[in-house]
Amino acid sequence: MSADEQPYEPLNGMKLIIDGWFHERGELWPGQAMSLEVEKVLDHHRSKYQDVLVFKSKNHGNVLVLDGVIQVTERDEHAYQEMIAHLPLYAHPDPKKVLVIGGGDGGVLREIARHPGVEEIVICELDADVIDVSKKYLPSLAKGYDDPRVKVHIMDGAKFMDDNQSSFDVIITDSSDPIGPAGVLFETPFYKAMHGALREGGIVCTQGECMWLHTDIIKPLMDSIRQFYTTAGYAYTTIPTYPSGQIGFIIATKGRGECNKPARKPSDDVQKQLKYYTSELHEASFVLPAFAKRAILGE
C-alpha cells in the first residue's frame with residue numbers, strides 16, 4: 001500500500017442511525033443517501049468479515065445492512081432476488097446444477113427452488129453470520145435453505161470453483177458492492193473462475209451495479225469478460241432501496257447465445273407466486289436507456 005492509500009475501514013452501521021433514522025451513505029454513491037425510519041435494532045455485531053446490522057423499519061419490514069450498506073428489505077427484496085435468479089434460469093433450457101456465490105440471506109435459493117428440474121443447488125457463502133441472522137430475522141428469504149436440494153459451503157467461492165471445473169449449468173453471484181471483502185468479485189480473475197466452473201452451454205449472472213452511478217466500473221468489466229465468454233449482456237431491475245432505485249445484472253454465457261429471450265416460462269402456479277419477474281419483463285430488462293447503452297455496451 002502506498003503512502004497515499006488509505007486502508008479499507010468498513011462503516012459502523014449503528015453510527016448511521018441518527019434521530020431514529022438509518023442513513024445509508026456509501027462511498028460508491030457520493031452526494032446522496034437513502035434513509036429509512038428505524039423502529040427497533042434487532043442485531044448489531046462485527047462478524048469475522050464485516051459489520052452486520054439488522055433492524056425493523058417503519059415501512060420496509062426487517063432490513064439487513066452489511067458494512068453500512070442496505071442488502072435486503074422485506075418490502076422490495078423480490079425485485080432483486082427474482083430477477084438475478086430467473087433471468088439466467090429461464091434463459092437456460094434445462095438447468096440441473098446451480099451454484100450461488102454469496103447470497104447468504106437465502107433469497108436466491110428460494111427462487112432457484114421454484115425450478116423443479118434443478119437437481120442440485122450449491123451455495124458458497126464466506127460469512128456464516130449472514131446466514132445465521134437471515135434465518136433468525138429474514139425467514140421469508142431464508143426458507144430457501146429448507147429445500148433438500150440445497151448444499152451449503154462456508155468458504156471462498158473462487159476456491160470452490162477451482163475445485164469443481166465444468167460442473168454447473170448456471171452460476172449466480174449475489175455480492176455486495178466492490179469494496180472490502182466483495183471487491184474481488186468484480187475483477188476479471190473471478191469471472192475466469194466462473195467460466196471454468198461452467199458446463200458448456202452454461203450461464204453466469206452477477207450483481208452488476210447501477211447504470212446511474214457506476215458505468216466506470218461496469219464498462220471495463222464488460223469489455224474484459226467478452227474476451228473469454230461467448231456472449232455478455234446487461235439487464236436491470238428497479239428496486240427502491242438500492243442506490244438510485246436501480247441495479248443491474250451482468251449475464252454471460254459459455255458456448256451458447258444471448259439470454260435476452262427466455263427459453264422457458266414459469267408455470268401458471270409459479271407465476272402466481274412471483275411478485276416481479278415475468279417472461280415479458282425478462283426481455284424488457286435488457287433494453288437499456290440510450291445513455292447506458294452507449295456507456296456500457298459502446299453502442
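The protein has 10 helices and 13 strands, and the model described here is a predicted one. Its C-alpha atoms fill a box of roughly 50 × 45 × 40 Å along the principal axes. A compact globule of 299 residues would have a radius of gyration near 19 Å, and the protein, with 18 Å, therefore agrees with that expectation. Buried residues make up 55% of the 299 residues, while the accessible surface comes to about 12800 Å², of which 49% belongs to carbon and sulfur atoms. Among contacts between residues at least 6 apart in sequence, 67% join residues at least 24 apart.

**Strand pairing**

Strands of a sheet pair through backbone hydrogen bonds, either parallel or antiparallel. Strand 3, which spans residues 34-46, pairs in the antiparallel sense with strand 2 (residues 21-24) over four bridges, and in that pairing E24 stands opposite M34 of strand 3. Strand 3 also runs antiparallel to strand 4 (residues 51-57), to which seven bridges join it; here R46 stands opposite D51 of strand 4, and a hairpin of four residues makes the connection from strand 3 to strand 4.

Further along the chain, seven strands form an open sheet of mixed pairing, in the order 9-8-7-10-11-13-12. Its edges are strand 9 (150-153) and strand 12 (231-238), each of which pairs on one side only. Neighbouring strands of this sheet are turned against each other by 15 degrees on average, direction ignored. Within the sheet, strand 11 (residues 198-207) and strand 13 (residues 246-253) run antiparallel and are joined by five bridges, with F249 in strand 13 as the bridge partner of Q207.

The antiparallel pairs described above are set side by side here.

| Strand pair | Bridges | Facing residues |
|---|---|---|
| Strand 2 and strand 3 | four bridges | E24 and M34 |
| Strand 3 and strand 4 | seven bridges | R46 and D51 |
| Strand 11 and strand 13 | five bridges | Q207 and F249 |

**Helix 6 on the sheet**

Helix 6 (residues 188-197) packs on the seven-stranded sheet, where it touches strand 7 (97-102), strand 10 (168-174), strand 11 and strand 13, and its direction makes about 145 degrees with that of strand 11. Helix 6 is mostly covered, as seven of its 10 residues are buried; these are F190, Y191, A193, M194, H195, G196 and A197. The cover over the buried residues of helix 6 includes, besides strands 7, 10, 11 and 13, helix 5 (157-162) and helix 7 (215-225).

**Nonpolar cores**

The largest nonpolar core has 36 residues, and those with the most contacts inside it are L87, I112, I172, F249 and I251. The elements that give two or more residues to this core are helix 1 (77-91), strand 7, helix 2 (107-112), strand 8 (120-124), strand 10, strand 11 and strand 13, and helix 1 provides the largest share, nine residues. F249 thus appears both among the residues with the most contacts in this core and as the bridge partner of Q207.

Which residues does I112 contact, leaving aside its neighbours within four places in sequence? I112 is in contact with A85, L89, V98, V100, V118, I121 and I172. A second, separate core of 28 residues includes F160, A232, A252 and A292.

Technical notes
Residues numbered from 1 in each chain as written. Predicted model: local features only at pLDDT ≥ 70, side-chain atom pairs only at ≥ 80, totals over all residues. Heavy atoms only, no water. Pairing = 2+ DSSP bridges. Axes fitted to C-alpha atoms, helices over the stretch in contact; angles between N-to-C directions. Contact = heavy atoms within 4.5 Å. Rg over C-alpha atoms; globule rule 2.2 N^0.38 Å. Buried < 20%, exposed > 50% of the residue type's maximum accessible area, 1.4 Å probe, protein only. Areas by Shrake-Rupley, 256 points an atom, 1.4 Å probe, with all protein chains shown as cover. Core = buried A, V, L, I, M, F, W, Y, C linked by side-chain atoms within 4.5 Å.
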